[in-house]
Amino acid sequence: MSSDTLRDGLLAEIQSIPLIDPHTHIDPHRPAARSLDDILGYHYYTELAHSAGMTRAPLAADVPPRERAKALMAHLDRIDNTAQYSWLVEIARTFLGYRGDRLGARDADWLFDQAERLMSQPDWEEQVLRKSNIEQVFLTNDFDDPLTGFDTNRYVPCLRTDDLVFKLDQPAVHQRLAKATGVEVGDAMSLRRAMTALFEHFTRKGAKACAISLPPSFSPGRVSVDEMNRALRPGGDATMRARGVFWDLAEHCRQFRLPFDLMVGVNRQVYPGGVYQGQDLYDGRMSLIQYAELFNSFAEVPFCVSVLSSGLNQELVSYSWIFPNVITSGHWWYSNIPAYIEADLKARLQAVPKTKQIGYYSDMYKLEFGLPKFNMYRRLLAKVLADDFVRTGAINEAGAVALARQVLRTNVERIFFAAA
Amino acid sequence: MSSDTLRDGLLAEIQSIPLIDPHTHIDPHRPAARSLDDILGYHYYTELAHSAGMTRAPLAADVPPRERAKALMAHLDRIDNTAQYSWLVEIARTFLGYRGDRLGARDADWLFDQAERLMSQPDWEEQVLRKSNIEQVFLTNDFDDPLTGFDTNRYVPCLRTDDLVFKLDQPAVHQRLAKATGVEVGDAMSLRRAMTALFEHFTRKGAKACAISLPPSFSPGRVSVDEMNRALRPGGDATMRARGVFWDLAEHCRQFRLPFDLMVGVNRQVYPGGVYQGQDLYDGRMSLIQYAELFNSFAEVPFCVSVLSSGLNQELVSYSWIFPNVITSGHWWYSNIPAYIEADLKARLQAVPKTKQIGYYSDMYKLEFGLPKFNMYRRLLAKVLADDFVRTGAINEAGAVALARQVLRTNVERIFFAAA
Amino acid sequence: MSSDTLRDGLLAEIQSIPLIDPHTHIDPHRPAARSLDDILGYHYYTELAHSAGMTRAPLAADVPPRERAKALMAHLDRIDNTAQYSWLVEIARTFLGYRGDRLGARDADWLFDQAERLMSQPDWEEQVLRKSNIEQVFLTNDFDDPLTGFDTNRYVPCLRTDDLVFKLDQPAVHQRLAKATGVEVGDAMSLRRAMTALFEHFTRKGAKACAISLPPSFSPGRVSVDEMNRALRPGGDATMRARGVFWDLAEHCRQFRLPFDLMVGVNRQVYPGGVYQGQDLYDGRMSLIQYAELFNSFAEVPFCVSVLSSGLNQELVSYSWIFPNVITSGHWWYSNIPAYIEADLKARLQAVPKTKQIGYYSDMYKLEFGLPKFNMYRRLLAKVLADDFVRTGAINEAGAVALARQVLRTNVERIFFAAA
């Protein structure tokens with residue numbers, strides 16, 4: 001283990017900063033896991049186990065949870081080198097009383113029982129949040145989510161818009177939109193009315209961001225009303241429709257003063273034979289210059305940009321250093337492993353105004369993952385601050401802690417809570 | 001020198017792992033060098049010396065080997081910063097009794113004589129393999145190689161297929177294929193018969209892989225029989241023909257249970273004025289998504305993928321983490337220097353199932369290069385394991401050594417020898 | 001601070017190497033700053049402050065310099081994490097008697113006064129150069145610069161050619177060219193005559209390089225006389241014209257034996273709302289293969305290539321390792337931060353002949369920036385040499401210092417001063 005007192009000291013200070021997690025997929029009606037199956041069902045485990053040879057059979061809905069967990073854990077010895085595996089060990093040790101360090105097949109039953117016992121405690125959710133030092137958690141809500149039945153102060157709504165932009169021609173999406181807004185969308189004007197209704201609903205319920213994930217080929221641009229009317233007809237041009245809906249979203253973000261989270265570069269269903277949520281990949285051949293018109297057109301909208309590769313991160317660093325409304329946001333998905341986080345983080349800390357960096361979000365589906373994922377980031381942040389800031393004389397220890405607080409907490413508050 | 005006992009301890013353990021070198025260009029009839037000229041004739045030296053100002057004149061066939069070696073060594077002081085130069089020093093010290101550390105022009109005669117004397121020993125090949133701790137060596141065989149006259153257990157045949165895919169329209173290639181298989185290829189069916197004959201020949205002789213290098217523009221895809229018939233006619237479409245032959249190869253890999261080594265991204269003859277084998281470069285603008293249809297269509301074929309840049313390595317890490325049949329393979333050519341190996345290796349070890357990584361291959365033309373190239377990798381592997389795995393607490397020392405063994409030895413055995 | 005004696009020792013030796021700065025934007029008639037406003041007016045500060053929320057209002061011409069400096073310094077606390085901020089602190093400490101380490105709004109008046117007092121000393125320019133250990137400074141001269149009234153031995157002229165290649169159709173540029181050369185350019189032949197006149201003028205005045213910055217889409221190629229005649233007519237094809245002028249420049253570089261500095265990959269005015277010189281960005285989707293025809297056609301011309309991303313740096317390393325006339329040059333603009341310098345530098349030092357690397361240039365507009373920018377590079381060079389060369393046993397300390405001298409001084413002399 002590390003015996004670097006500077007790093008360790010910084011890490012301790014960083015761990016004491018209470019967090020707001022600005023992007024997750026938490027279900028506020030079921031935020032914490034209720035079983036080991038909920039933990040191991042995270043796509044990071046199912047996809048890695050599948051990649052390492054596990055069939056999809058144990059993942060079928062009719063397989064008993066304990067059997068599914070055992071099947072998954074029987075493949076851990078093929079992926080126990082990965083960062084993802086280390087999150088699991090940290091969850092087991094921190095939350096489930098595990099004392100070993102090589103979690104494997106033989107631990108499955110015991111761990112399943114432990115999880116069942118501990119997670120059924122009435123205050124489990126509170127325990128997890130407290131141990132993780134997380135105070136607020138952003139959600140990812142479908143546009144027709146009623147946003148009722150949960151504490152929207154703790155679980156902050158966020159309007160996810162992929163379906164609107166890319167699937168509005170599907171009858172089901174069309175109908176969901178009509179039901180949610182009372183507007184039958186048939187042309188540019190009705191689309192705008194529907195969207196305004198959504199934004200009114202979401203902001204009334206305390207939503208603090210609009211979010212979307214975008215394929216590498218996507219290039220936002222202004223679409224005329226005529227073009228949009230044509231694109232919204234049956235058989236209309238899908239690219240034009242996507243661009244038009246997207247542009248409308250940006251206009252609503254401006255009007256309703258919501259930051260827009262752009263998660264750029266993902267190709268969906270590249271591996272259709274993969275497990276649920278384990279089918280997407282990316283294509284390095286894209287550039288943020290595709291977003292230049294957008295950034296120029298909406299100076300008032302903070303765009304919190306997440307990317308999937310270090311190549312694109314270097315562009316993001318440069319774009320964020322130049323455009324006032326471009327903000328670096330977290331370490332997303334395939335970039336969310338220590339080797340890439342460390343390199344990407346170092347460049348951001350050295351070249352982007354410190355007020356324009358959202359350090360990290362967990363992207364979690366269950367609260368238990370906040371702790372190991374943020375800890376991975378916290379350790380790398382402590383390392384980079386120690387080695388590249390304090391030890392080079394650029395900053396002292398107090399300054400390093402203040403910088404950490406800025407990217408982990410202060411910016412999240414200012415960008416999301418001051419804007420709306 | 002390093003005084004890091006953890007790294008040193010790991011390195012000693014790693015060096016004791018007997019290797020199978022899964023990709024080389026060894027001539028099994030002349031596997032070891034017979035002179036210093038054989039060593040310095042490696043394109044890494046001729047191209048660097050040429051890049052640094054040496055004309056191609058000393059490389060002409062009629063120049064006496066000693067003079068060629070002297071000309072080359074007279075340019076070493078321009079390239080003695082490079083990783084490639086350090087391989088040469090390690091060869092001179094380990095195999096040729098050199099005691100200095102700055103090999104240069106003044107050492108040429110002495111080293112030439114030493115090499116001549118030592119390399120003529122009857123057991124030279126054995127000595128080299130033993131000192132390198134290499135047990136088996138994969139070859140790169142032309143499709144019409146008779147594969148006779150050598151020990152195919154030590155020198156494992158591998159079917160190289162670049163000529164078939166990209167040069168089948170050349171009369172010489174056509175004739176070599178006819179001679180090797182007895183089949184005159186004129187359409188899709190005869191092509192398939194010829195290919196089956198090749199795979200039967202190769203697998204009978206113990207071949208363990210099919211291999212090819214591919215330009216950045218190549219994008220595999222299924223080709224219909226009609227399209228292929230047209231493409232095989234004189235003047236037929238070259239792209240279609242290449243795709244069709246390639247797809248057929250993948251089908252034969254499936255049928256004959258051979259892994260398919262894909263070395264993606266090389267542009268041939270970018271610098272036609274360069275030395276032999278020193279004319280090729282690459283173009284960063286490609287994506288593994290070009291291979292998605294292939295990976296999806298041949299779930300049973302292990303694809304061992306080598307790439308030329310860290311940008312593409314990040315894609316490879318992600319594709320290998322998702323696709324069960326995509327395996328990371330070695331550190332190829334322009335990526336085979338410490339700075340890129342270390343970064344690429346770190347990401348693979350943190351995110352790809354450990355069972356799906358082929359750590360390294362030497363790509364050597366003469367056995368003497370196995371030792372310094374593998375040692376370069378071994379040292380970086382020890383460093384990454386020490387700093388990013390043991391010191392972070394992710395793994396203990398025994399686990400680190402086991403992980404090294406997995407990527408250096410176990411996976412090579414399982415992927416190539418279990419499959420066929 | 002670092003307590004690494006090896007690094008510190010190397011750094012001290014490196015700092016004693018007298019420098020030639022091979023690329024700057026110095027005005028030889030006003031080389032040093034005359035006020036704090038000259039320092040803070042550097043686009044690195046105005047663009048970062050603007051990106052962090054400062055409007056462009058304080059940058060207007062009619063704002064008093066002290067007020068502008070105060071406005072800028074009032075935003076430093078938003079960018080005090082950046083490498084650029086650390087240059088400012090180093091300037092304040094080395095040149096302006098500042099004793100603190102967190103320069104901010106409260107220091108504005110004092111620092112402004114200090115600067116005014118110190119910079120008015122008659123030998124200020126000499127002091128700055130001496131403290132920076134810089135002996136000669138390359139300029140970036142417009143093609144119609146008379147190159148008179150300054151010491152061309154200290155301030156070495158360099159012909160900048162962006163306007164010729166990309167704006168020759170603009171009447172103002174056409175007229176400036178006519179005035180400078182006495183040639184009305186209307187076709188390929190007159191263009192060549194005009195260009196010859198420029199090169200004669202520049203080389204007579206001691207110019208040592210031709211330089212240009214190029215957008216990612218640019219792809220040099222030979223243009224026929226007919227095509228060029230058409231392209232030079234009103235309404236002619238802009239791409240063809242740019243390629244033709246560029247090719248002519250390369251031919252003149254050959255004829256006049258001038259190295260050609262290629263700064264590749266910049267997109268101009270991506271953010272038109274930005275501050276002066278803070279509007280440009282880049283697009284990672286380009287490849288040096290676009291330059292293969294150029295490199296092949298002009299074997300006698302040294303091309304000193306600068307790139308904007310680590311992805312393209314990896315290509316540059318490979319192209320420079322293969323092409324004798326491709327030279328790696330500095331760490332440009334968005335790549336000029338420690339995280340990217342260190343990674344890019346490491347790869348160059350490990351794989352490119354040491355005679356073909358131009359370590360660094362300052363790109364400065366005022367002499368005061370030479371010191372902190374070169375120091376940033378010197379520290380990283382000392383670090384990489386210590387950790388990746390001396391400590392790995394590849395080289396001893398004296399060899400490391402010699403390698404530093406080679407890339408910082410010897411190569412600049414040989415490439416620019418021996419060639420012309």
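The sulfur of Cys304(C) lies 9.7 Å from the closest cysteine sulfur, that of Cys158(C), and this is too far for a bond. Cys304(C) is also buried, at 1% relative accessibility. The model is a predicted one, and every value here is computed from it. Cys210(B) tells a similar story over a shorter distance. Its closest cysteine sulfur belongs to Cys253(B), 4.0 Å away, again too far for a bond. A disulfide needs two cysteine sulfur atoms within 2.5 Å, so the Cys210(B) and Cys253(B) pair does not qualify. Cys210(B) is buried too, with a relative accessible area of 0%. Over all chains, the count of disulfides comes to 0.

Next, the arrangement of the chains. What rotation takes chain A onto chain B? A turn of 120° superposes them, with 0.0 Å of shift along the axis and an RMSD of 0.0 Å. That is how copies about a three-fold axis are related. Chain B goes onto chain C in a like manner: the rotation is 120°, the shift along its axis is 0.0 Å, and the RMSD is 0.0 Å. The copies use different surfaces, as 3% of the contact residues of chain B recur in chain C. For chains A and B, only 3% of the interface residues of chain A are also interface residues in chain B, and therefore the copies meet through different surfaces.

One residue shows a contact across chains. Leu403(B) sits in helix 17 of chain B, which runs over residues 397-418. Leu403(B) counts as buried at 4% relative accessibility. Leaving aside residues up to four places away in sequence, Leu403(B) touches Asn81(A) from chain A, along with Leu349(B), Lys354(B), Leu385(B), Phe389(B) and Ile395(B). Leu385(B) is 18 residues from Leu403(B) in sequence, and their C-alpha atoms are 8.7 Å apart.

Now the empty space inside. Rolling a probe the size of a water molecule over the atoms shows where such space is left. How many cavities of 30 Å³ or more are there? The count is 10. The largest cavity has a volume of about 70 Å³. Its lining is made by Pro22(A), His23(A), Asp261(A), Leu262(A), Met263(A), Cys304(A), Ser306(A), Ser329(A), Ile358(A), Tyr361(A) and Phe416(A). By character, these lining residues divide into 7 nonpolar, 3 polar and 1 charged. Two strands of chain A, strand 6 (260-264) and strand 9 (303-306), each supply at least two of them. Strand 6 of chain A gives the largest share, 3 residues.

Turn to helix 7 of chain A, residues 124-132. Which of its residues are buried? They are Trp124(A), Gln127(A), Val128(A), Leu129(A) and Ser132(A). An α-helix has 3.6 residues a turn, so residues three or four places apart point the same way. The buried residues of helix 7 of chain A pack against three helices and three strands of the chain: helix 5 (83-95), helix 6 (108-119), helix 16 (370-390), strand 1 (19-21), strand 2 (134-138) and strand 3 (155-156). Right after helix 7 of chain A comes Asn133(A), with a positive phi near 60°.

Asn133(A) has company in its backbone angle. Most residues other than glycine have a negative phi. Gln269(A), not a glycine, has a positive phi of about 55°. Gln269(A) belongs to the loop between strand 7 (266-267) and strand 8 (281-282) of chain A. Asp363(C) has a positive phi as well, near 60°. The loop that holds Asp363(C) joins strand 11 (357-358) to helix 16 (370-390) of chain C. Are these two residues buried or exposed? Gln269(A) is exposed, at 52% relative accessibility. Asp363(C) is buried, with a relative accessible area of 11%.

The last stop is a loop residue in chain B. Phe143(B) lies between strand 2 (134-138) and strand 3 (155-156) of chain B. Although in a loop, Phe143(B) is buried, at 1% relative accessibility. What does Phe143(B) touch, not counting residues up to four places away in sequence? Its contacts are Leu159(B), Arg160(B), Asp163(B), Leu164(B), Val173(B), Arg176(B), Leu177(B), Leu198(B) and Phe202(B). His201(B) is 58 residues from Phe143(B) along the chain, with 9.5 Å between the C-alpha atoms.

Terms used: Residues are numbered from 1 along each chain as its sequence is written. Chains are lettered from A and ligands numbered from 1 in the order in which they are written. This is a predicted model: local features need pLDDT of at least 70, side-chain atom pairs count only at pLDDT 80 or more; totals for chains, interfaces and linings use all residues. Side-chain values use heavy atoms; hydrogens and water are left out. On a 1 Å grid over the protein atoms alone, a cavity is a set of points where a 1.4 Å probe fits but cannot get out, and a pocket is an open set with protein on both sides within 12 Å along at least five of seven lines; lining residues have an atom within 4 Å of a point. Grid points are joined across faces, edges and corners, and a volume is the space filled by probe spheres set on the points. Helices (H or I, at least four residues) and strands (E, at least two) are DSSP runs, numbered from the N terminus. Ala, Val, Leu, Ile, Met, Phe, Trp, Tyr, Cys and Pro count as nonpolar, Asp, Glu, Lys and Arg as charged, and the others, Gly among them, as polar. Buried means under 20% relative accessible area, exposed over 50%, partly exposed in between (1.4 Å probe, protein chains only). Copies are superposed by least squares on the C-alpha atoms of residues with pLDDT of at least 70 in both. Contact means heavy atoms within 4.5 Å.
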